[in-house]
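Hi everyone, thanks for coming. I'd like to walk you through a structure that's new to most of us, so have a look at it first and then we'll go through some spots together.

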Amino acid sequence: MSKGYDFIIIGGGSAGSVLAGRLSEDPSAKVLLLEAGGSDRHPFYHLPAGFAKMTKGIGSWGWDTVPQRHMQGKVFRYTQAKVIGGGSAINAQIYTRGNAQDYDDWRQMGCEGWGYDDVLPYFRKAEDNETYDNEFHGKGGPLGVSEPRAPLPICEAYFEAAAELGIPRNLDINGEKQDGVCYYQLTQRHVRRSSAAMAYVAPNRHRKNLTVRLGAQVRRILVTAGRATGVEMLDGSVLTADREVILSSGAIGSPRLLQLSGIGPADDLAALGIKPALDQPQIGANLQDHLDLYCIAELSGPYSYDRYAKPHWAVLAGLQYIFGRKGPVASSLFETGGFWYADPDARSPDIQFHLGLGTGIEHGVVSMPQGGITLNSCYLRPRSRGSVRLQSDDPARAPLIDPNYLADPTDREMTIRGLKLTQEILAQAPLKNYILAQRLPGPDVRSDADYFNFICQHSKTSHHCAGTVRMGADAGAPVDPKLRFNGIKGLRVVDNSIMPTVISSNTNAAAIMIGEKAADMIKAEHGMVM
């Protein structure tokens with residue numbers, strides 16, 4: 001048995017890395033960060049374009065969803081990070097925070113302290129923004145946030161095409177308004193990925209009170225007399241925490257580990273041979289995700305980065321990056337996009353776009369041999385709810401991940417509207433000099449039934465899962481607004497699983513904000529150095 005830690009953080013992802021960096025600022029607090037994945041030494045984790053390798057297996061658990069019963073049984077590759085830095089180490093580095101109303105909605109649900117005015121200071125605290133220093137953005141924080149370095153002329157044509165449909169240009173979608181098309185800001189510094197691990201852990205590894213263990217998978221959280229006392233590792237060793245065990249394994253990993261620890265729907269756990277420690281039916285429920293659709297257009301010339309897939313062009317791309325920090329290696333490949341409306345009466349934008357400067361970038365997406373672009377869309381406020389459940393008491397077995405996509409008819413309608421809107425943008429005059437033809441959806445896709453069949457063949461996750469250990473003020477909520485686990489002392493959950501509803505954008509910036517806010521709450525509760 002190993003003693004001596006005040007805090008054990010399970011998961012070195014976006015929020016967990018923030019916690020490790022912030023809690024260890026108090027030299028009297030002994031902090032242990034446990035990450036099941038490995039190091040981020042490989043260049044793909046640091047080069048902006050390395051994202052193209054990530055959804056194809058690098059740094060991932062390799063999990064899939066269960067067949068989606070509302071999508072003709074489609075099974076989705078469900079990339080979940082298995083590397084220090086978590087999602088921030090393998091994502092497309094897009095820095096979006098969601099809409100202000102998302103957080104005000106949380107507060108209206110009873111989550112005091114989580115309105116937009118409450119969380120904005122923590123977004124600003126995290127930022128080292130190279131462009132803005134104002135009421136919405138900060139400088140000097142750990143996280144690098146910068147402008148794209150490698151956009152192509154077709155991006156400007158995309159903005160002009162959107163304007164033809166009345167969609168304006170927005171220079172800062174994290175500022176006063178979210179509406180419009182934009183160059184996304186990116187979690188990069190000096191044209192290299194700024195993951196949460198690089199921002200919060202790497203600079204602080206020298207601290208004597210911070211221990212980081214990689215390849216360290218937790219078997220279960222230990223609960224004694226209603227209190228979390230530590231963790232049991234896969235090898236049977238036990239690590240104890242005198243103050244708190246903090247679970248930060250993400251919207252899939254956190255409910256999975258809780259259930260492996262006997263914390264969850266008691267009947268389901270008992271059926272798998274797991275002794276229930278606490279009957280909490282909502283663990284693993286309320287799963288939300290953005291379903292991502294894509295239009296693919298073949299180009300009439302070399303206007304995207306597709307040609308760099310060829311070996312001799314790839315060599316040139318490497319040289320461009322080494323000597324000028326330019327070219328495709330300097331691009332996240334999805335750094336252009338924006339927000340608009342499928343429902344014109346929506347309270348804020350309900351569709352998000354990502355313009356891919358190539359094709360076949362992500363797993364399962366069609367590529368154009370002659371070169372093309374991909375315009376993704378996702379409906380941002382899905383009503384469908386899914387779940388994360390265990391299929392076995394064996395921690396080596398993948399969980400049963402069921403986003404339950406398109407279970408609600410409204411989701412299906414708005415998703416199709418968003419897809420049609422992407423087609424309209426690509427059909428506008430400013431893009432005609434670039435696009436030879438739209439290839440997906442093809443001309444045979446006309447009716448809503450056709451669109452639905454197309455979606456069942458050509459769609460993917462947006463990697464924005466949330467909600468499976470939701471916070472709330474009601475008796476059924478797994479965690480309270482201070483993220484303390486209801487019914488078990490000394491246990492806190494800090495990651496995107498605590499979101500009552502998924503935010504209206506990419507979710508990584510929010511995970512980092514959650515880590516920052518939780519760190520201050522923990523410090524205040526334990527009288528630590530702030």
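Before anything else, a word on how I name things: helices and strands here are DSSP runs, numbered from the N terminus, with at least four residues for a helix and at least two for a strand. And please keep in mind that this is a predicted model.

Okay, let's start with backbone oddities. Most residues other than glycine have a negative phi, and most peptide bonds are trans. Now look at N286, which isn't a glycine and still has a positive phi of about 70°. Where is N286? You'll find N286 in the loop between strand 15, residues 278–279, and strand 16, residues 291–299.

R325 has a positive phi too, near 50°, and that residue follows helix 10. Then there's the peptide bond from L440 to P441, which is cis, with an omega near -10°. P441 sits in the loop between strand 22, residues 435–440, and helix 12.

While we're on helix 10, let's check its length. Helix 10 has 14 residues, 311–324, so at 1.5 Å a residue it should span 20 Å, and its end C-alpha atoms are indeed 20 Å apart.

Helix 10 also turns up in the largest pocket. That pocket has a volume of about 570 Å³. Its lining takes in 22 residues, and nearest the centre are A52, Y305, Y308, A309 and L333. Which helix gives the largest share of that lining? Helix 10 does, with three residues. Helix 2, residues 51–54, and helix 10 each supply at least two. By class, the pocket lining has 14 nonpolar residues, five polar and three charged.

Next, the enclosed spaces. The count is four cavities of 30 Å³ or more. The second largest cavity holds about 100 Å³ of space. It's lined by 13 residues, with D289, L291, P382, Y405 and D411 nearest its centre. Seven residues of that lining are nonpolar, four are polar and two are charged.

Last topic: how helices pack. Take helix 11, residues 409–426, and helix 12, residues 448–457: their axes are 10 Å apart, at an angle of about 90°. Anything from 65 to 115 degrees counts as roughly perpendicular, so that's what these two helices are to each other. On the helix 11 side the contact uses R412, T415, I416, L419, K420 and Q423, and on the helix 12 side D448, Y451, F452, F454 and I455. Six of these contact residues are nonpolar, two are polar and three are charged.

Now the other pair, helix 4, residues 100–108, and helix 5, residues 116–126. Their axes come within 8 Å and cross at roughly 125°. Are they perpendicular or oblique? That angle lies outside the 65 to 115 range and isn't over 145, so helix 4 and helix 5 are oblique to each other. A100, Y103, D104 and R107 in helix 4 meet Y116, D118, V119 and F123 in helix 5. In that contact, five residues are nonpolar, none are polar and three are charged.

That's my tour, so over to you for questions.

Definitions and conventions:
Residues numbered from 1 in each chain as written. Predicted model: local features only at pLDDT ≥ 70, side-chain atom pairs only at ≥ 80, totals over all residues. Heavy atoms only, no water. Axes fitted to C-alpha atoms, helices over the stretch in contact; angles between N-to-C directions. Parallel < 35°, antiparallel > 145°, perpendicular 65-115°, else oblique. Contact = heavy atoms within 4.5 Å. Nonpolar A, V, L, I, M, F, W, Y, C, P; charged D, E, K, R; others polar. Expected span 1.5 Å × (residues − 1). 1 Å grid on protein atoms, 1.4 Å probe; cavity = no way out; pocket = protein on both sides within 12 Å on 5 of 7 lines; lining within 4 Å. Points joined across faces, edges and corners; volume = space filled by probe spheres on them.
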